[in-house]
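Subject: Structure handover

Hello,

Here is the structure I said I would pass on. Please look through it before reading the notes underneath.

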Amino acid sequence: MERQERRDSPRNRIDCAMSFRLAGKDVSHEGFCINISGSGVLFEADDPLTTGTAVEIHLVPQRGVAAPLTAFIEVVRCVATDAGPYRIAGAIKGIKS
């Protein structure tokens with residue numbers, strides 16, 4: 001059976017290191033961005049994040065596929081992987097200029 005794509009914006013594979021911090025906190029955490037679209041982002045991190053958490057992300061792609069980005073997201077999904085890190089999906093709520 002063929003799976004139908006339901007996303008409004010196509011995902012672009014980005015594979016780059018990133019940093020993030022919880023809204024209102026000063027502590028920065030490291031992660032790895034897997035893909036991004038006009039409305040969301042998927043990344044891996046060592047610690048889980050709760051659905052609904054507001055997070056500021058910052059990424060600087062190394063291969064020139066996208067410009068550096070600082071954005072505000074809301075966590076919509078967080079699942080553990082067999083390899084260890086958590087896969088975290090976030091809806092982009094705003095872009096920081």
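In which strand is Thr70 found? Thr70 lies in strand β5, which covers residues 69-80. Please keep in mind that this is a predicted model.

I started with the surroundings of Thr70. Is this residue buried or exposed? Its relative accessible area is 16%, and buried means under 20%, so Thr70 counts as buried. Leaving aside residues up to four places away in sequence, Thr70 touches Glu56, Ile57, His58, Ile95 and Lys96. With one of these, His58, there is also a polar contact between side chains, at 2.6 Å.

The second set of notes is about strand β3, residues 40-45. How many of the 6 residues of β3 are buried? The count is 5, so the strand is largely enclosed by the rest of the structure.

Which strands pair with β3? Strand β2 (residues 29-36) runs antiparallel to β3, and 4 bridges join the two. A hairpin through 3 residues also links β2 to β3. Within this pairing, Leu42 of β3 has Asn35 opposite.

Strand β6, made up of residues 86-95, pairs with β3 as well. That pairing is antiparallel too and has 6 bridges. Here Glu44 has Arg87 in β6 as its bridge partner.

To find these places in the view, go to Thr70 in β5 for the first part and to residues 40-45 for the second.

Regards

Technical notes:
Residues are numbered from 1 along each chain as its sequence is written. This is a predicted model: local features need pLDDT of at least 70, side-chain atom pairs count only at pLDDT 80 or more; totals for chains, interfaces and linings use all residues. Side-chain values use heavy atoms; hydrogens and water are left out. Buried means under 20% relative accessible area, exposed over 50%, partly exposed in between (1.4 Å probe, protein chains only). A polar contact is a pair of N or O atoms within 3.5 Å; within protein, one must be able to donate a hydrogen and the other to accept it, and residues adjacent in sequence count only if both atoms are side-chain atoms. Contact means heavy atoms within 4.5 Å. Two strands pair if DSSP finds at least two bridges between them.
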